[in-house]
Amino acid sequence: GLFVTDYFTRTPRKLSPFRSFASIELFHFHIPEDTVIAVWNLITFKEQGGTFGDQCPDRSITVYFRSGAPSVINPLHTHFPRDTAVPGSFALTLTWTLPNRTTGVFNVTSPLPGDWFLAAHLPKDDGKISVKGLYEECQYLFQPQLIVQRLVNIAVLYPGHVTEQSMAPHNRSCLYKVFVPSYTSRVLVEVLQCRGAEGCPFWLRVRAKAPPLHNSTTLDCREHTPCQLAQDLPFWQHWYYVLVEKHPGVPGTISFQVTVQLTDCSRPSLARPPFLPSSASMNMPHSFGSAGGLALGDSPPPTSPNDTKHPVSIPVTSHGGERCWPVRPTLRNELDTFSVHFYIFFGPNVSVPPDRPAVFVINLLPVLDSGGVLNLELRLNVSSLCGENVTVFGCLNHEVPLTSGDNTSVTCETESLAGFLLSVNATASLSRLRIPYPQTGSWYLSLRSLCAAEHGFEPCTNVTAEVYLRAYLSPCINDCGIYGQCKLLRTNNYLYAACECKAGWNGWGCTDNAEAFSYGFQLLSTLLLCLSNVMFVPPVAIAVRSHYLLEAAVYIFTMFFSTFYHACDQPGIVVFCIMEYDVLQFCDFLGSLMSVWVTVIAMARLQPIVKQASVLYLLGAMLLSMALQMDRHGLWNLLGPSLFALGIMAVAWTARTIRRRHCYPPTWKRWAFYLCPGALIAAAAVLLYAFVETEENYFYIHSIWHLLIAGSVGFLLPPRAKPSRRLGPLPRRKGCGYQLCVNEQEELGLVDPAVASINSICTS
C-alpha cells in the first residue's frame, strides 16, 4: 500500500515534581485513521539560568500514555475513593544518557485512532520552600514529538458483496476495512475459493478501529473449513479491519474471495426478531418504541437446572432471529463546565421487568467530556420487590450494550469487551460507580433483574423491580471533599479538572488520610502562626514611647494583617478569613516590607538633614505597592527596598561621621547592646526564611521568623532623647534675622529629631 507520514510536535514545557494530578504536564495529540505505526520522540533537557544545566542533578521523568482520555495515575500509591473505577494506562520512565539532554522513543503499532494523551512529571520532592530569585533554579523541559505512518486507499468491503483478490508472491498480506453501523449484533468475515495453493494458506485476522495485530482475533484457514471468523457484539459506528495474511514459504500467486456479512436486528429484511415488545410494556411513548431505536438484548429461554451451557455474554440466537430491546435515550442538560446531568425520559425511576433488560444510552461529547468524572448511581426501591429476593444487575459498557446471557455467572465482560458491573438488592440498595476521565462516545447501561436460587440466579416471575437511576458528569469526585480544592486546568485548547489536596490528605479525591494532619495539629499550627505576631507589641510600645508614631502605626498594621492572613492561609479546616485571601496576602506582604523600610529610615535620623523626611516614607509605600503588584514572591521585593534604605542610612551615618570626625553612633554601648544584637537577630531570621523553611516545618519555622523579626525591630529602633539639663549656648554663626544653633546632643545621636529641630532654632 501507499504510506503517508505526518509529523506533530508540541512546545517544550517545564516539568514539576508530582504532588497531585494538577501538577503534571498534559499533552494532547490526535492520531488519524488507518495509522499503522505511531512513534513518539520524547525529548528532555535541562536549563539553569538560561543556559544548559550540566550541573543539575539527574531526575527521572515518568511519562504516561492513554488513548481516548487522560491517564488516571497514582505514582504515590494512595487510596482511591470508594466505588471508583481506575482505567489503565501505559507508563514509561526516562533516564539520562547525556549531562543535559536525553531522548526516549515509544512505538505503538496499529494505534487506536482519535485522541491520545501524554502526561509527564518529575518525582515528588522534599517540600523545601525556596525564595524566588535566590538562586538559579534547575528546570527540566519536556517536548514530545509524534510521527505517524498511515495507509491510504485501503480497500473497503461492502456487506453482502464478494471481493476478488490475487496475492502476488512478493506480497505477504492484504488489508481491508468494513464499516459497522449501529444495532449490529454480529460481523462474519469469510475467505472463499482459495486457488493457486494447497488448501487455503492464510491467517484471517479481524480487529476494530485499527489494523490487526499479532494478538488480534485470528483464524487459521488451513485448519477451518469454511474459513469464517465471527465477531459478536461489535463496536458500533466504527471501522473493522480485516487482514488476510499468507503463510510463509508459500510460492506463486494465490487468488481468493473475501466477503462480510452483518447481522442487524433493527432491519427486518436482514434479521426479523421473533418477538418485539410493545411500547406500552416498556413504559415508553410510541415514538421511542419503533424498530429504528432497538438494541440487542438476551431474554434467556427457560432452562433446566442441569443445563450445561457455557457462560457467555453474547446475544442469544433462538428460533431464527436475534432478540432486540429498545434503547432509551437520555436528555443532556449542561449546567457548567464538566457539570452535566443526564435525565431519563419518564424517569428517574426505572422499571426493570423480569423477562427482559432495560437499556439506556449516555452520550459523552468528544474531547469536551473526557476531562471530568462520570458518575452513576443506582438505588433500589425495596418496596417494589414484594418480598422476593431480587437482585438488579447493571452493566455499563462503552460503545455497545451488553447483558449477560447466563444466570449463574453474571458478568459484564467478553473476550473483546470490558465493562463495569453494578448490583443492588434488598440488603444493599445503593450502588455507585465513578469513572474519572471517561472515554467519550456512547456508554450503554443494561439493567436486568434476577432472583437468587440455589445455584446462582434465575429469572424472576411476576416481579418488576423499580430502580432510581442517576447519571451525571462532575469536575471532581465529591468536589474533592473538605480537604481539597477542585481545579479547572487547561492545556492548549483542552480542559480537564483535578483535585489539589491539603492538610496532609492525598489521593484522587483527597480521601487518603494516611498522612493527614489531625485537628489538634491544625489548631496548634494556626495558633503558633497567629499568636507569634504578638511579638510586635513590644516594638509598638517602644516606638510610641520614643514618639515614633508613624513607625508604631506601621507595626500595628503588620501585626494585624499578618495574624489574620495566617488564620486564612491554613490548609485544613481551622481557617478564619475576615477578607478575601488576596487582600490579606497583599496587606501582609506590604506591612512586612514597610516595617523594614520605616525602621531603617528611622535609624538614619534624616530629619535634621532632610527637612521633609516624610517624603521617603510615602515614596517607599508607593514603590513597595508597585513591586508587590508586579511579583509578590520575588526576592528583590524584599532585598531591593531593604538595600535602598540601608544605603540611605549608610550615607547619613557617613555624613555625620565625616562632619564630627568620630564614628557614628559614637557610644560603644549602642553598638554592643542594640545594633549588633538586632542585626544578628535579623540575619538569623532571614537565613531561616531563605534556607531552612520547608512545607513540613513551615508552621514553627515561620513562627520563629515572626518572633525574630519583631525582636530585631525592638533592638534597632533608635531611642528618644532624654536631656537631663538645659544646654548653654554654643558658638553660633549669624544668619539673616536668626541665630543658627548647633545642638551637640543631636550630633551625638542622643536626641529625638523632632525635639532637636525645635530647640536648635534660636531667635536673635
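User: Happy to be looking at this with you! Where is the place of L638?

Analyst: Glad to help. This is a predicted model, and in it L638 sits in helix α6, which covers residues 636-660.

User: Why does L638 count as partly exposed?

Analyst: Partly exposed is the range between the buried cut-off, under 20%, and the exposed cut-off, over 50%. L638 has a relative accessibility of 27%, so the label is partly exposed. As for surroundings, the C-alpha atom of L638 is separated by 9.0 Å from that of S592, and the two residues are 46 apart along the chain.

User: What makes K487 and E500 a salt bridge?

Analyst: The test is a side-chain nitrogen of Lys or Arg within 4 Å of a carboxyl oxygen of Asp or Glu. For K487 and E500 the N to O distance is 2.8 Å, so the pair meets the definition. K487 belongs to strand β35 (residues 484-491) and E500 to strand β36 (residues 494-501), so the bridge ties together parts 13 residues apart in sequence.

User: And how do you know whether K487 and E500 are buried or exposed?

Analyst: Neither word fits, going by the cut-offs of under 20% and over 50%. K487 has a relative accessible area of 29%, so it is partly exposed. E500 has 31% and is therefore partly exposed.

User: How many salt bridges does the structure hold?

Analyst: There are 18. One of them joins R186 and D232, at 3.4 Å from N to O. That pair links distant parts of the chain: R186 is in strand β14 (residues 184-195), D232 is in strand β17 (residues 227-232), and their positions lie 46 residues apart in numbering. R186 is partly exposed because its relative accessibility is 34%, and D232 is partly exposed because its value is 29%.

User: What makes E245 and R205 a salt bridge, and are they buried or exposed?

Analyst: Their side chains meet at 3.0 Å, N to O, and the limit is 4 Å, so the pair qualifies. Both E245 and R205 are buried. E245 is in strand β18 and R205 in strand β15, 40 residues apart. These two also belong to a network of salt bridges together with R172.

User: Which strands form the open sheet of five strands, and in what order?

Analyst: The order is β11-β13-β18-β15-β16, with mixed pairing. The edge strands are β11 (155-156) and β16 (217-220), each of which pairs on one side only.

User: Why is the pairing called mixed?

Analyst: Strands of a sheet pair through backbone hydrogen bonds, either parallel or antiparallel. Here, β11 and β13 pair in the parallel sense over two bridges, with V156 partnered by K177 in β13. In contrast, β13 and β18 pair in the antiparallel sense over eight bridges; there, V180 stands opposite H238 in β18. Strands β15 (residues 202-208) and β18 (residues 238-246) also run antiparallel, joined by seven bridges, and A208 stands opposite Y240.

User: How do you know that β13 is largely enclosed?

Analyst: Six of the eight residues in strand β13 (residues 173-180) are buried, so the rest of the structure largely encloses the strand.

User: What makes I482 exposed?

Analyst: Exposed means over 50% relative accessible area. I482 has 61%, so it is exposed. I482 lies in the loop between β34 (465-474) and β35.

User: Which residues form the nonpolar patch on the surface?

Analyst: The patch is formed by I482, Y519, L523, L527, L531, V534, V537 and I573, with about 750 Å² of accessible area together. Helix α1 (residues 519-531) gives the largest share, four residues.

User: Which residues form the negative surface patch, and why can D125 belong to such a patch?

Analyst: The negative patch is made of D125, D126, E515 and E696. Patch members need over 30% relative accessible area. D125 has 33% relative accessibility, so it passes that cut-off while counting as partly exposed. The place of D125 is the loop between β9 (114-121) and β10 (138-152).

Note on methods: Residues numbered from 1 in each chain as written. Predicted model: local features only at pLDDT ≥ 70, side-chain atom pairs only at ≥ 80, totals over all residues. Heavy atoms only, no water. Patch = residues over 30% accessible without salt bridge, like charges linked within 9 Å, V, L, I, M, F, W, Y side chains within 5 Å. Areas by Shrake-Rupley, 256 points an atom, 1.4 Å probe, with all protein chains shown as cover. Lys, Arg positive; Asp, Glu negative; His and termini not counted. Charge placed at Lys NZ, Arg CZ, Asp CG, Glu CD. Buried < 20%, exposed > 50% of the residue type's maximum accessible area, 1.4 Å probe, protein only. Pairing = 2+ DSSP bridges.
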